[in-house]
Amino acid sequence: MPSRRVSRPASTGSARSVPAHHEAEPDLHTVVFDLNILLDVADLLGPPFTWDKFRDAAARNSQAPVPNRVDSRIDSLRAVALTTTGQFAGPELLEVWTSDHIADLLVLKARQPHDGSTAETRGLGWSPEDAENLLHDFLYDLVYDMTNGGRIEIVNVDGHPPLDHEDACVFTTALQAADDAAPPSIKYCVTRDRGFRQATNLNSNVFVLYPHEFVTLVRRTRGALAAKKMRPPFQQP
């Protein structure tokens, strides 16, 4: 049973209906960011989240090496930044999708204290208000307002095993993103989790990438398109 697409919760925004895609239309790309990517961005910027802080950080780090071996959070920031235009390359659209699972965990982990005794109880230590605003001002703005994506409710998971249940929920989100699009979207899942990235025997319709791999992919695709536009239509004498 496919996951169910829902409108933006408790917000004035809403997910659009995905129109039928005809052969002549550009490809649709969909991307889901694992929780660790979203928390990287939040941790790098600090509370409260604002898009001004996000844009300033992205500009400061635009020339930093990829991957950034000094601070991996910067790769996560740049991966998200590349999606804010809602375009993959040229006319090809790029939508960010999420799920009830990711949204709930984002608020939970943002609120959990820094000094939790285990990874399961340790978080960013943000106030409840800042944690809730992180969901709406960051994730939901990115999904609904900036990229015209959507949120799904997980019904059944795909990929468990080899993935644990948490990662399988994220993978299922990526697999079910824009599942009413025709032809199907080109699907990505971006994570820093090595076990998730290297897992085998997953559904091949989703490309699981590290953030620096996603950054490199989008940059190279856009660069190749720009170079193609600059070429003369015929060989000059």
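Which residues do ring pairs link into a cluster? Some notes on that, and on the rest of the chain, follow.

1. The cluster is made up of Phe-33, Phe-88, Tyr-188, Phe-207 and Phe-214, linked by ring pairs. Bear in mind while looking at these side chains that this is a predicted model.

2. For general bearings, the chain has 237 residues, and 47% of them count as buried. You'll find eight helices and seven strands. Taking the contacts with a separation of 6 or more, 68% are between residues 24 or more positions apart. The accessible surface is about 12,000 Å², with carbon and sulfur atoms accounting for 52% of that.

3. Back to the rings: the structure has 11 aromatic pairs. One of them is Phe-33 with Phe-214, an edge-to-face pair with 6.3 Å from centre to centre and 90 degrees between the planes. Have a look at where the two partners sit, since this pair links distant parts of the chain. Phe-33 belongs to strand β2 (residues 28-33) and Phe-214 to helix α8 (residues 211-230), with their positions 181 residues apart. Both Phe-33 and Phe-214 are buried.

4. Phe-214 also pairs with Tyr-188, again edge-to-face, at 5.8 Å centre to centre and with 65 degrees between the planes. The edge-to-face label applies here because the planes are over 60 degrees apart. This pair, too, links distant parts of the chain: Tyr-188 comes from strand β6 (residues 186-190) and Phe-214 from helix α8, 26 residues apart. Tyr-188 is buried, just as Phe-214 is. Put together, Phe-214 of α8 pairs with a ring from β2 and with a ring from β6.

5. A separate item to check on screen is Arg-197. Its charged end sits over the ring of Tyr-210, 5.5 Å from the ring centre.

6. Then there's the largest pocket, which holds about 450 Å³ of space. How many residues line the largest pocket? The count is 16, and Leu-35, Leu-105, Lys-109, Ala-119 and Glu-166 are the ones nearest the centre of the pocket.

7. As for which elements supply that lining, α1 (35-45), α4 (100-111) and α6 (165-176) each give two or more residues to the largest pocket. Of the elements, α4 gives the most, with four residues. If you want a place to begin browsing the pocket, Leu-105 and Lys-109 are among the residues nearest its centre, and both positions fall within the range of α4.

Definitions and conventions
Residues are numbered from 1 along each chain as its sequence is written. This is a predicted model: local features need pLDDT of at least 70, side-chain atom pairs count only at pLDDT 80 or more; totals for chains, interfaces and linings use all residues. Side-chain values use heavy atoms; hydrogens and water are left out. Buried means under 20% relative accessible area, exposed over 50%, partly exposed in between (1.4 Å probe, protein chains only). Contact means heavy atoms within 4.5 Å. Accessible areas come from the Shrake-Rupley method with a 1.4 Å probe; for residues, only the protein chains shown count as cover. Rings of Phe, Tyr and Trp (its six-membered ring) pair if their centres lie within 6.5 Å; planes under 30 degrees apart count as stacked, over 60 as edge-to-face and the rest as tilted. A charge sits over a ring if NZ of Lys or CZ of Arg is within 6 Å of the ring centre and within 35 degrees of the ring normal. On a 1 Å grid over the protein atoms alone, a cavity is a set of points where a 1.4 Å probe fits but cannot get out, and a pocket is an open set with protein on both sides within 12 Å along at least five of seven lines; lining residues have an atom within 4 Å of a point. Grid points are joined across faces, edges and corners, and a volume is the space filled by probe spheres set on the points.
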